[in-house]
Amino acid sequence: MFRALCIALCLPQVALACLQLSGPVQQGALVWAQVAPGNKVFLGDEELSVAGDGTVVFGFGRDAKSEQVLRVEGPDSCWQSLSVSPREYRLQRIEGVPQKTVTPGEEHLARIRREQALVTKSRASSAEFPYFSAGFIWPSQGPISGVYGSQRIYNGTPGRPHYGVDVAAPTGTPVVAPAAGVVVLAEGDLFYSGGTVIIDHGMQVFSSFLHMSAVNAVVGQAVRPGDKIGEIGATGRATGAHLDWRMKWRKHWVDPQLLVPPMP
């Protein structure tokens with residue numbers, strides 16, 4: 001009760017829809033909006049980046065809290081309360097995964113740590129330009145075989161929740177950039193994710209493309225929507241040919257499927 005009273009009294013002006021948001025406010029959503037120059041924007045206590053054209057972006061993770069406060073400070077000071085819609089997630093049981101990738105032995109741990117550091121480093125910085133604001137297309141087409149937020153049980157062992165959307169298609173099916181950006185990682189054989197590409201879409205929004213049989217992109221390459229970056233495969237921890245497309249904003253995994261039209 002005290003917190004609600006403090007929000008009502010301490011924040012500037014009154015609670016209004018001070019930003020027009022681009023997408024649904026729900027768990028797993030990536031949302032962006034525009035503000036005038038000279039304003040700062042906060043989600044809770046976290047200050048958000050504001051691009052030169054006034055674009056602001058933020059995301060809600062899989063288990064984001066239901067109540068959030070968005071605050072603008074500056075010439076257009078205002079705030080609004082956001083009700084983040086919850087989602088239900090399903091369990092998936094997957095058998096036949098090589099046991100070494102479920103419970104890797106000591107001989108693989110050094111490699112795994114080295115690759116995790118490589119992936120983390122690739123996201124250490126990001127372009128300030130909001131390439132993502134032009135929208136997204138599907139990077140490949142086929143049946144959706146896995147969804148964001150589901151939890152997988154590998155050979156009877158619960159794993160981490162799945163943070164991407166899986167598109168099943170034959171090995172060799174082209175994978176294209178879903179939006180403009182710059183390639184920050186291009187590796188042909190990572191332990192868990194096999195052939196992997198990561199694209200920086202700007203303002204700490206990144207797409208990852210996993211399990212590819214071929215990687216055609218190179219680090220530093222600028223890509224546009226539809227540019228080929230690889231081919232679908234079953235490399236790394238995978239039991240069949242598919243593309244695992246993931247998206248991350250800062251530390252939060254968001255759902256790519258919320259950003260594209262229904263699969264053709």
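## A tour from strand S19

Start by selecting strand S20 (residues 252–254), which pairs with S19 in the antiparallel sense over three bridges; pairing needs at least two DSSP bridges. Strands are DSSP E runs of at least two residues and helices H or I runs of at least four, numbered from the N terminus. This is a predicted model: local features need pLDDT of at least 70, side-chain atom pairs count only at pLDDT 80 or more, and totals for chains, interfaces and linings use all residues. Residues are numbered from 1 along each chain as its sequence is written, and side-chain values use heavy atoms, without hydrogens and water.

Select Lys248 next: its bridge partner in S20 is Trp253. Two residues lie between the strands of this hairpin, where Arg250 takes a positive phi near 50°.

Now select the whole of S19, residues 242–249. Eight of its eight residues are buried (under 20% relative accessible area with a 1.4 Å probe, protein chains only). His242, Asp244, Arg246 and Lys248 point one way from the strand, while Leu243, Trp245, Met247 and Trp249 point the other way.

Add strand S11 (residues 164–168), which runs antiparallel to S19 and is joined to it by five bridges. To find one of the contacts, pick Val165, whose bridge partner in S19 is Trp245. Then add S15, residues 205–212. S15 and S19 are also antiparallel, over six bridges, and Ser208 has Arg246 as its bridge partner in S19.

Which residues are closest to the centre of the largest pocket? Its volume is about 970 Å³, and of the 33 residues that line this pocket, Gln116, Arg160, Tyr192, Arg246 and Trp253 are the closest to the centre. Select those five to place the pocket in the viewer. Helices H2 (99–102) and H3 (106–122) each give two or more residues to the lining, as do strands S9 (151–154), S10 (157–161), S14 (194–200), S15 and S19. By type, the lining divides into 13 nonpolar, 11 polar and nine charged residues.

A pocket is an open set of points on a 1 Å grid where a 1.4 Å probe fits, with protein on both sides within 12 Å along at least five of seven lines; lining residues have an atom within 4 Å of a point.

Finish at the second largest pocket, which holds about 270 Å³ of space. Select Leu43, Ala64, Lys65, Gln68 and His252, the closest to its centre of the 14 residues that line it. This lining divides into four nonpolar, five polar and five charged residues; Asp, Glu, Lys and Arg count as charged, Ala, Val, Leu, Ile, Met, Phe, Trp, Tyr, Cys and Pro as nonpolar, and the others as polar.

Key:
Points joined across faces, edges and corners; volume = space filled by probe spheres on them. Buried < 20%, exposed > 50% of the residue type's maximum accessible area, 1.4 Å probe, protein only.
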